[in-house]
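Visitor: Please pick one small part of this structure and go over it closely. After that, I would like to see the rest of the structure around it.

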Amino acid sequence: MHYINPISVNKHSAYRLIILSLAVLLFLPMCCKKEVDSKQPPKDLLAIFQQTPDETVKPTIWDTGDTTISNEDRLDLFYNNVKDIGGGYVGLGGTQNFLLASWANSEWIWLFDFTKIVVATNNIQIAFLKNSSDPESFIQLWNPKNAKKAREIISKEYMNHPEHKFILKALNKVSWFINKRFNILKMLTKKRNYKIWLNDQFYYDRIRKLALDGKILTLKGDLNGPVTIKGIASTAKKMKVNVRILYFSNAEEYFKTYSPQFRDNFTQIPIDDQSIVLRTVSIYRRLFPWSPDSEHSTDRGFHYNVMKASVLMQWLKDERHFRVADMLKTGKVDKTNGFSLIDVYPVKK
């Protein structure tokens, strides 16, 4: 049997096939490059993240140790909504944000507050996370018996920080409150059988890695301030990161209405279909009952609310004056558990 070379039989067809194949290979990267590039974030994300601007805040009556911890005792009600949601996290306040972000498996965390002491305490939390391989070691750094070691860690971490001395002073002022909060969380997690970053290595490792990677940022800022929230929005857009969680605590119940500045700030935050708002309220208890076990840390309990961020944006673009209660009234309320969900914007009549 003689071997027959197919190219010799149909040389022109083979040449055409080779040329066509090469053309396809050259064309595919060109036609797909734009789509791929449009989804790729900038290379130096960390540098962009850490350049987020913040405001100068004035001393307030809230610059006290008890404001550094949460008195929201039923944060577990948020678990199913935040679990592994990822993306960016923007949160007001202190300790509760570490708990929620670890559940969410957040990728970037912006923490802000209008009091210097809360910002300083968040800085201490980050330093302790970096220097503690497990939850118990982290908790022990807050024990007054370990104050010398704690101060050494803080000094090493923040020696060149402009607020270095203030952060050291904050440790003495807040450690009692932090330990109190940790003990309450220990009781609550045992009673209701759930895991958090302070009693579970898996969740602790998540939040610790973010601290080690420099992906938790502490900022001075107000919900109604002109710089910080806009700065976060601008930075997140540059990073091509959608903010998946906006945590307001119960701050909104103090608003008579939503200011033009607040509206302008938060309508600029980049979100997607998975993005949610987490909030609590203690007002209008008859309409929005307090959750069971929500009064261990305070004489006032809280109602817990989850809202689609896209719905909040629609409200904020509405020129009417309204309060947080007006939005809550449009939600689905579970009065037994003191929880509500808002997932649609009401149709105007």
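Guide: Just after helix α5, residue N105 takes a positive phi of about 55 degrees. The model is a predicted one, and that applies to every value that follows.

Start with the helix itself. Helix α5 covers residues 96-104, and nine of its nine residues are buried. The buried residues of α5 include polar side chains such as Q96, N97 and S102, alongside F98, L99, L100, A101, W103 and A104.

Next comes the loop. S106 lies in the loop between α5 and β2, the strand that spans 108-113. Is S106 buried or exposed? Its relative accessible area is 5%, and because buried means under 20%, S106 counts as buried. As for what surrounds this residue, S106 touches G86, G87, Y89, A101 and L210, leaving aside residues up to four places away in sequence. One of these contacts, A101, is itself a buried residue of α5. Another, L210, falls within helix α10, which runs over 201-212.

Helix α10 leads on to a pocket. The second largest pocket has a volume of about 480 Å³. It is lined by 24 residues, and those closest to its centre are N123, Y158, H161, L217 and T218. At least two lining residues come from each of α6 (116-130), α8 (147-158), α10 and β3 (216-220). Helix α6 gives the largest share of this lining, with six residues. Sorted by class, the lining holds 11 nonpolar, six polar and seven charged residues.

Two of those elements, α6 and β3, also take part in salt bridges. Side chains of opposite charge can pair when their charged atoms come close. K116 and E163 form such a salt bridge, with the closest N and O atoms 3.4 Å apart. K116 is in helix α6 and E163 is in the loop between α8 and α9, so this pair links parts of the chain 47 residues apart. K116 is partly exposed at a relative accessible area of 28%, and E163 is partly exposed at 23%.

In strand β3, the residue to look at is K220. Its side chain meets that of D54 in a salt bridge, at 3.6 Å from N to O. D54 sits in the loop between α3 (45-50) and α4 (79-82) while K220 sits in β3, so the pair ties together parts 166 residues apart in sequence. Both ends are partly exposed: D54 has a relative accessibility of 30%, and K220 has 21%.

A third pair can be set beside these two. The side chains of D272 and R244 meet in a salt bridge at 2.8 Å, N to O. D272 is in the loop between α12 (260-266) and β5 (276-281), and R244 is in strand β4 (243-249), so the parts that this pair ties together are 28 residues apart in sequence. R244 is buried, with a relative accessible area of 15%. Elsewhere, K83, D84 and R206 are linked in a network of salt bridges. In the whole structure, a search finds 16 salt bridges.

There is also the largest pocket. About 940 Å³ of space lies in it. Its lining is made up of 34 residues, with W62, T67, N71, N250 and Y254 lying nearest the centre. Helix α9 (residues 164-192) supplies the largest share of that lining, four residues. By class, the lining contains 12 nonpolar, 14 polar and eight charged residues.

Last, some totals for the setting of the part you asked about. The protein has 14 helices and eight strands. Of its 349 residues, 50% count as buried. Among contacts between residues at least 6 apart in sequence, 77% join residues at least 24 apart. The accessible surface comes to about 18,300 Å², and 56% of that belongs to carbon and sulfur atoms.

Conventions. Residues numbered from 1 in each chain as written. Predicted model: local features only at pLDDT ≥ 70, side-chain atom pairs only at ≥ 80, totals over all residues. Heavy atoms only, no water. 1 Å grid on protein atoms, 1.4 Å probe; cavity = no way out; pocket = protein on both sides within 12 Å on 5 of 7 lines; lining within 4 Å. Points joined across faces, edges and corners; volume = space filled by probe spheres on them. Buried < 20%, exposed > 50% of the residue type's maximum accessible area, 1.4 Å probe, protein only. Contact = heavy atoms within 4.5 Å. Areas by Shrake-Rupley, 256 points an atom, 1.4 Å probe, with all protein chains shown as cover. Salt bridge = Lys/Arg side-chain N within 4 Å of Asp/Glu carboxyl O.
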